[in-house]
Amino acid sequence: MGYFNVTIMDKGKKREELIKADSRMAAIKLAKNKFPTTMVMKAIETSAPLEDSISELFDGLKKSFKTKIPLNDKISTIRQIAVMTDAGIAINDTLEDVADNTHNKQLKEIYTKINSDINAGNSMSDAMEPYAEEFGHVALAMTNLGERTGNISESYHKLADILENIRDNTAKFKKAIRSPLITLAAMGIAFTILIMVVVPKFKDIFAKFKTELPLPTQILLKLEWAFSNYGILILAILIAAVFAVKYLYKNNRDFKYNMDKMMIHPKFYLINKAIFLSTMHKYNLVFGELVKSGIPVSEALSTAVGMVDNLAIKEQLLTVNANIGRGMNLAEAFEITGLYENMLLQMIKAGEAGGQLDAMMDKVTQYYDMQFQDLIDNLSTYIEPIMMFFIAGLVLLMALGIFMPMWDLGKAVKG
């Protein structure tokens, strides 16, 4: 969202109105609707007012520290709704029971409000719309489908299956990466302790040397000096940097886009492949399941792309929706993104031609899942060389930094 100074001609006099909108054209349209008796002349983008900037900052901070609803809790309540509606229990009684039984306070409050809105005459999909961020686009799409088909139970069983699949892959990736991260953190802490404890014992000896100290020794001494004098400051800066990056990533779209684009760059060994495969698996899983459930392709594409977290990949996948709207077939639209291999494009093309798109999307999803599972299963094999190189580098720096001056001293004594 941006801010625009819209110039309006009202009774022969010009005046400016500040309008918040997605684009310049949207600002002009909003101004025309808001001031129907005036003539809108132009709109110029401007900076946000100070009070709005402060308000957005506090909203962003509040959002950053807001507790996220655990996926397991959401899946549990969704599965409960599916089972209860399948048993013939009315949706308002079902939601009331789910709200009473869930231990998550946020979900309890959300389901209570949804139930109140339904009792007030709103549809379930309309009642859930304000909670799109908490439940996700796919939940809204499956709710809408359940209402259209009159089978909320089947839609919610499918929704729970989709979320469980995403949850299991995410958990497996986190489990695979946890061990290497713990090892790296332990090595970093151990190296810091060695510098703080061991190097000072040799510091006085090194100070008596009349010759210039070797580079590894100079590095160790400078690190020891920095940690001894500014250790707390360095730690504070690192913690502040982590929080700043997290805050900007959540609240600044340009920063998030640049970070996402950087993370899928070929230079980021393994990380780029893991992000790409997990994203494409999630996208194709949701799209395929929605098509299989009877949702139109264009709507399924819009919902599936809403599940994509990486903005760089999302930008490419958004072109699919646009090109489908221009009359292009699905395989051609996917090919333009450059994200699909030729084999997968041929499968999608065959599925479209034979009226078996849902079956072919299952195959595409299985392919990405197989690639992702293979990467996770062999992650330790891929990471081991990096770990060994990192550990060897730390050990070598410590050994050379301490012993090289000793060797030079021994040579000087013999001489």
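1. Helices here are DSSP runs of H or I with at least four residues, numbered from the N terminus. On that footing, α9 spans 152-197 and α19 spans 379-414, and each supplies at least two residues of the lining of the second largest pocket. The model is a predicted one.

2. Start with that pocket. The second largest pocket has a volume of about 170 Å³. Its lining consists of Ala176, Ser179, Pro180, Thr183, Ile376, Leu379, Ser380, Ile383, Glu384 and Met387. The largest share comes from α19, which gives five residues.

3. What is the class make-up of the lining of the second largest pocket? Six residues are nonpolar, three are polar and one is charged. Glu384 is among the lining residues, and Glu counts as charged.

4. Next, the enclosed space. Rolling a probe the size of a water molecule over the atoms shows where empty space is left. How many cavities of 30 Å³ or more does the count give? The count comes to one. The largest cavity has a volume of about 30 Å³.

5. The lining of the largest cavity is made up of Ile78, Ile81, Tyr111, Met128, Phe135, Ala139, Tyr156 and Leu159. Two helices, α3 (71-86) and α9, each supply at least two of these residues. By class, the lining has eight nonpolar residues, no polar ones and no charged ones. Note that Tyr is counted as nonpolar here. Helix α9 thus appears in two linings: that of the largest cavity and that of the second largest pocket.

6. Now helix α13, residues 271-292, where Asn284 sits. Is Asn284 buried or exposed? Asn284 is buried, because its relative accessibility is 0% and the cut-off for buried is under 20%.

7. The side chain of Asn284 has polar partners. One is the backbone oxygen of Met280, reached at 2.6 Å. Another is the side chain of Tyr340, with a polar contact at 2.9 Å. Beyond four places in sequence, Asn284 is in contact with Tyr340, Met361, Val364, Thr365 and Tyr368. Tyr340 therefore shows up both as a polar partner and in the contact list, where contact means heavy atoms within 4.5 Å.

8. Glu289 also lies in α13. Glu289 counts as buried because its relative accessible area is 12%, against a limit of under 20%. Which residues does Glu289 touch, not counting those up to four places away in sequence? They are Lys158 and Ile162. Both numbers fall in the range of α9, 152-197.

9. Phe268 lies in the loop between α12 (253-263) and α13. Its relative accessibility is 28%, so Phe268 counts as partly exposed. That class runs between the 20% and 50% limits. Leaving aside neighbours within four places in sequence, Phe268 is in contact with Met262 and Met263. Both numbers fall in the range given for α12.

10. Last, the strands. Strand β1 (residues 2-10) and strand β2 (residues 13-21) run antiparallel and are joined by nine bridges. Ile8 has Arg15 as its bridge partner in β2. The hairpin of β1 and β2 has two residues between the strands, and Lys11 there takes a positive phi near 55 degrees. In a regular strand, side chains alternate between the two faces of the sheet.

Technical notes
Residues numbered from 1 in each chain as written. Predicted model: local features only at pLDDT ≥ 70, side-chain atom pairs only at ≥ 80, totals over all residues. Heavy atoms only, no water. 1 Å grid on protein atoms, 1.4 Å probe; cavity = no way out; pocket = protein on both sides within 12 Å on 5 of 7 lines; lining within 4 Å. Points joined across faces, edges and corners; volume = space filled by probe spheres on them. Pairing = 2+ DSSP bridges. Buried < 20%, exposed > 50% of the residue type's maximum accessible area, 1.4 Å probe, protein only. Polar contact = N/O pair within 3.5 Å; in protein donor to acceptor, adjacent residues only side chain to side chain.
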